[in-house]
Amino acid sequence: MTQQDSLARHAAELAQDHVNSGRLQAAIAALAAFGGRDDGGVSRETLTDIDLAARRYLIEQARALGCEVSTDDCANLFFRRAGKADLPPVLTGSHADTQPVGGKLDGAYGVLAGLEVIAALNEAGIETLRPIEVVAWTNEEGSRFGPGAMGSSAFVDPACLPAYRASVDGANIRFGDALDAALAATDDVPRRPMQRPMSACVELHIEQGPVLERAAVPLGVVTGIQSVRWYRVECTGVMAHAGTTPMDERSDAMATAVGIAHQLYAYAAAEAASQLRLTLGRWQVGPNSVNTIPGKVEFTIDVRCVDEAVLARFEATLDAMMAQARPRQGGVTYQCFFRRPPTHFPAAMLSLIERACARASEQASQGKPLHLTSGAFHDAMYLAEHCPTAMIFVPSKGGISHNAAEETAPHELFLGAQALAYTVAALANQ
Ligand code: GLV
Ligand code: MN
Ligand code: MN
């Protein structure tokens with residue numbers, strides 16, 4: 001090991017050992033108050049007023065830590081701790097938006113642990129060679145405006161932004177208008193270009209699944225992310241009176257949609273061995289009246305698999321199902337509005353993260369880190385196209401997420417932040 005390597009390793013260990021669990025827990029509780037629910041969950045969908053208030057809070061916290069704050073055309077927020085040299089920074093962070101009913105940790109944990117790393121570095125008096133930036137990406141969830149991971153994908157490929165701006169939410173608000181309002185609310189924050197060079201990126205996140213908990217292991221080295229596709233299916237029929245229209249004279253958009261849904265669930269059951277995951281998560285019914293036959297039903301399909309060939313096969317089957325669905329009047333159309341192949345993180349990043357996780361686990365007398373693939377998608381999926389990227393996972397109690405009951409034990413959240421501190425400090429001295 002060169003003298004520079006051994007100094008870098010010493011700084012990484014020092015940063016890891018200065019992570020403060022109480023401070024991290026307090027930060028998680030404080031951010032969760034923005035959109036906090038009586039059931040313990042958080043409702044903070046992207047670019048809502050409550051999200052804008054949370055962003056303002058994060059800006060203030062970052063400034064108090066001595067960070068320079070900037071934003072970009074997709075309202076991503078960057079909190080920068082200067083390095084000794086003005087080199088491309090090491091990026092960490094995640095997203096602060098939630099599902100309509102989410103928990104305190106999905107996304108928020110990665111952002112707050114990033115700020116905790118900065119607090120730990122400050123406290124330990126460590127100056128790194130490269131700057132470190134903590135990011136809060138805009139609209140990772142994709143629940144209000146589709147698709148998901150808009151901020152990170154637009155950062156990596158700004159050509160995506162014009163189409164994103166046209167995306168509308170359930171109240172017909174354009175993403176572009178919500179974005180402009182968010183940027184206006186942070187007009188004290190300088191705007192930086194997208195696609196800025198980054199030397200590396202590491203995202204810390206809760207697993208959101210059962211793997212780590214079942215293995216009784218507190219830290220996971222994430223080797224990659226499974227592939228995902230989202231579709232929108234629109235069935236049209238003819239609105240008519242529920243009481244007077246004979247059953248065989250109806251063109252019921254709901255009957256068409258339910259028929260397709262049955263076929264889709266049957267297909268997913270037949271594909272169980274290939275680990276296909278299928279969700280029909282959002283339904284919109286027009287006119288949504290108890291006594292009118294639906295004239296329009298729109299629903300979404302989320303399909304995921306580690307093996308992208310399974311999703312290609314699914315799409316061919318979906319195409320055939322649509323061609324066969326022949327409502328009496330009206331029709332069926334579908335469109336894919338999000339697709340990503342699987343992501344594979346580079347070996348050098350995985351071995352650094354392995355070392356960081358192993359040291360944190362060992363000091364806490366816990367089991368060795370486990371390698372696993374992410375079932376959820378993350379902003380890291382896009383950053384992987386931009387710079388060497390990887391992720392660290394901590395367990396999710398009961399494997400539950402996208403639910404108010406989402407939970408991770410404080411000592412596991414602490415170990416995750418320790419592993420992050422080691423990784424970020426090591427990368428920032430390379
Ligand atoms: C992210 O929230 C996902 O749906 O994987
Ligand atoms: Mn997330
Ligand atoms: Mn999520």
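In sequence, the donor residues that hold the manganese ion (ligand 2) follow the pattern H-x10-D-x98-H. These protein donors are His95 (NE2), Asp106 (OD) and His205 (NE2), at 2.0 to 2.2 Å from the ion; donors are N, O and S atoms within 2.8 Å of the metal (3.2 Å for Na, K and Ca), and since water is not among the atoms, sites may look incomplete. His95 belongs to strand S3 and His205 to strand S5 (residues 200–206), so the pair ties together parts of the chain 110 residues apart in sequence. Here helices (H or I, at least four residues) and strands (E, at least two) are DSSP runs, numbered from the N terminus. His95 is buried, with a relative accessibility of 0%, and His205 is buried too, at 1%; buried means under 20% relative accessible area, exposed over 50%, and partly exposed in between (1.4 Å probe, protein chains only).

The model is a predicted one, in which local features need pLDDT of at least 70 and side-chain atom pairs count only at pLDDT 80 or more, while totals for chains, interfaces and linings use all residues. Residues are numbered from 1 along each chain as its sequence is written, chains are lettered from A and ligands numbered from 1 in the order in which they are written, and side-chain values use heavy atoms, with hydrogens and water left out.

A second manganese ion now joins the picture. The manganese ion (ligand 3) lies 3.7 Å from the manganese ion (ligand 2), and Asp106 bridges the two. Coordination of ligand 3 comes from Asp106 (OD), from Glu141 (OE) listed twice, and from His402 (NE2), at 2.1 to 2.4 Å. The spacing of these donors along the chain reads D-x34-E-x260-H. Asp106 sits in the loop between strand S3 (90–95) and helix H4 (108–124), and His402 in the loop between strand S16 (389–394) and helix H13 (410–428), so that this pair links distant parts of the chain, 296 residues apart. Asp106 is buried at 6% relative accessibility, whereas His402 is partly exposed at 41%.

The surrounding fold has 13 helices and 16 strands. Its radius of gyration of 23 Å agrees with the value near 22 Å for a compact globule of 430 residues; the radius is taken over C-alpha atoms, and the globule rule is 2.2 Å times the number of residues to the power 0.38. Of the 430 residues, 54% count as buried. Among contacts with a separation of 6 or more, 80% come from residues 24 or more positions apart, a contact meaning heavy atoms within 4.5 Å.

One residue that brings sequence-distant parts together is Pro89, in the loop between strand S2 (77–81) and S3. Pro89 is buried at 4% relative accessibility. Its C-alpha lies 5.5 Å from that of Arg130, although the two are 41 residues apart in sequence. Leaving aside residues up to four places away in sequence, Pro89 touches several others, including Arg80, Pro131 and Met198.

Some backbone details are also worth a look. Most residues other than glycine have a negative phi, and most peptide bonds are trans. A cis peptide bond nevertheless joins Gly146 and Pro147, with omega about 0°, and another joins Gly286 and Pro287, with omega about 5°. Asn172, which is not a glycine, has a positive phi of about 65° and is exposed at 61% relative accessibility. Ser365 likewise has a positive phi, about 55°, and is exposed at 68%.
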